[in-house]
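Please open the structure in your viewer, choose a cartoon display, and keep the selection tool at hand. We will go from one selection to the next, and at each stop the text says what is there.

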Amino acid sequence: MGTNEDTADARTALLVREAMERATGELPALMDLAGPARAEGGRRKARVRVAIGAGVLAVATLGAVTASMLPGGGPQRPVEAVVAAPPQSSAPPQPLHIEPTPGESSMADLPAAERTRQENFQDQAVGVLQRLLPPTVGTVQRTDLRVNFYQATKDGKAFPLIFSVRPSSEQPQPCREVRGRVCAKATLPGGIEAHASTIPTGAVTETEVSFRYGTCNVRLSVFPHEASNTSAPVNPAQLLEVAKAPAFLDLVKAAAAQPMEKEQRSIPGG
């Protein structure tokens with residue numbers, strides 16, 4: 001009785017032989033030419049045999065070695081090739097439904113085309129915010145209430161999130177360190193000055209960054225989870241880094257070019 005190596009060698013030789021016969025058999029028949037032309041035809045077949053044989057030998061050898069390494073296996077157990085499925089692109093998380101209060105409108109009340117435009121923007125915003133915000137914020141979702149309203153969830157705690165690009169004739173107020181507020185600022189690309197702060201709201205704090213872009217006031221705020229007395233899981237420096245990111249500024253630019261929020265107007269005496 002032969003050894004496993006002998007069986008593997010015989011099987012490999014048979015695979016090589018069959019492959020070379022198939023390859024040369026599929027070549028078009030050569031005309032009955034004399035002299036150098038006939039010799040060239042013979043050389044052509046020889047080259048094909050060598051090339052095909054070498055490729056099949058490498059594949060067959062790899063298959064035989066892999067089969068011999070399987071538990072309880074030998075060359076008599078062929079290895080099946082497994083083709084990995086291509087990775088699927090991750091779809092944005094489904095929107096969070098928030099029931100409007102009596103008399104309050106929602107995105108469901110928008111014309112179909114405008115609703116689609118706002119939802120597409122929200123999906124882009126979710127992707128950008130998910131990449132740029134720190135992992136402590138958790139999973140970002142859009143809501144179906146307003147285009148500027150999102151929610152981040154981490155360990156069962158929901159943190160409301162506002163991302164607003166709103167036309168306004170009023171300049172945003174710079175941060176002032178009063179009533180426990182802590183301020184920070186940075187210069188964004190284009191020389192834009194951004195202000196960030198932590199704002200006490202009872203026993204917890206919210207965090208926000210704001211700046212002026214063109215004719216719009218931009219604001220990104222993360223609110224606390226008040227039920228568990230958990231402050232917003234992000235600090236001003238982190239929000240300033242988000243505001244500096246080109247992907248975030250691209251979102252701001254798109255929203256400023258085609259606003260989705262109504263213009264903010266000051267109320268005299270308000």
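Begin by selecting helix α3 (residues 112–132) together with helix α5 (residues 246–257), whose axes come within 9 Å and cross at roughly 160°. An angle over 145 degrees counts as roughly antiparallel, and α3 and α5 are therefore roughly antiparallel to each other. If you turn the view until one helix lies in front of the other, you can look for the left-handed crossing in which α3 passes α5. Now show the side chains where the two helices meet: on α3 these are Phe121, Gln124, Ala125, Val128, Leu129, Arg131 and Leu132, and on α5 they are Ala247, Phe248, Leu251 and Ala255. The residues of this contact between α3 and α5 divide into 9 nonpolar, 1 polar and 1 charged.

Before the next selection, step back to the whole chain, and keep in mind that this model is predicted. The chain has 5 helices and 7 strands, and if you follow it from the N terminus, the elements run α-α-α-β-β-β-β-β-β-β-α-α. Of the 270 residues in the chain, buried ones make up 34%.

Next, select the strands, and trace the open sheet that 7 of them form in the order β1-β2-β3-β7-β6-β5-β4, with antiparallel pairing. At the edges you will find β1 (139–142) and β4 (182–188), each of which has a single partner strand, so one side of each is left without a neighbour in the sheet. Looking across the sheet, notice that neighbouring strands are turned by 20° against each other on average, if direction is ignored. As a reminder for this view, strands of a sheet pair through backbone hydrogen bonds, either parallel or antiparallel.

Stay for a moment at the edge strand β1, which pairs with strand β2 (residues 149–154) in the antiparallel sense over 4 bridges. Selecting Gln141 lets you find Gln151 of β2, which stands opposite.

Now move to strand β6 (residues 204–213), where 8 of the 10 residues are buried, so this strand is largely enclosed by the rest of the structure. On one side, strand β5 (residues 192–201) and β6 pair in the antiparallel sense over 7 bridges, and here you can pick out Thr201, whose bridge partner in β6 is Val204. The hairpin of β5 and β6 has 2 residues between the strands, and in this hairpin Gly202 takes a positive phi near 75°. Turning to strand β7 (residues 216–222), you will find that β6 and β7 also pair in the antiparallel sense over 7 bridges, with Arg212 standing opposite Asn217 in β7. The hairpin of β6 and β7 likewise has 2 residues between the strands, and there Gly214 takes a positive phi near 60°.

With the sheet still on display, add helix α4 (residues 236–244), which lies across β4, β5, β6 and β7 and runs at about 20° to β4.

For the last stop, select Lys262 in the segment after α5. Is Lys262 buried or exposed? With a relative accessible area of 74%, Lys262 is exposed, since exposed means over 50%. Leaving aside residues up to four places away in sequence, Lys262 touches Arg166 and Pro167. You can also select Ser168, which is 94 residues from Lys262 along the chain, while the C-alpha atoms of these two residues are separated by 8.8 Å.

Technical notes:
Residues numbered from 1 in each chain as written. Predicted model: local features only at pLDDT ≥ 70, side-chain atom pairs only at ≥ 80, totals over all residues. Heavy atoms only, no water. Axes fitted to C-alpha atoms, helices over the stretch in contact; angles between N-to-C directions. Parallel < 35°, antiparallel > 145°, perpendicular 65-115°, else oblique. Left-handed = near helix turned anticlockwise from the far one by under 90°. Contact = heavy atoms within 4.5 Å. Nonpolar A, V, L, I, M, F, W, Y, C, P; charged D, E, K, R; others polar. Buried < 20%, exposed > 50% of the residue type's maximum accessible area, 1.4 Å probe, protein only. Pairing = 2+ DSSP bridges.
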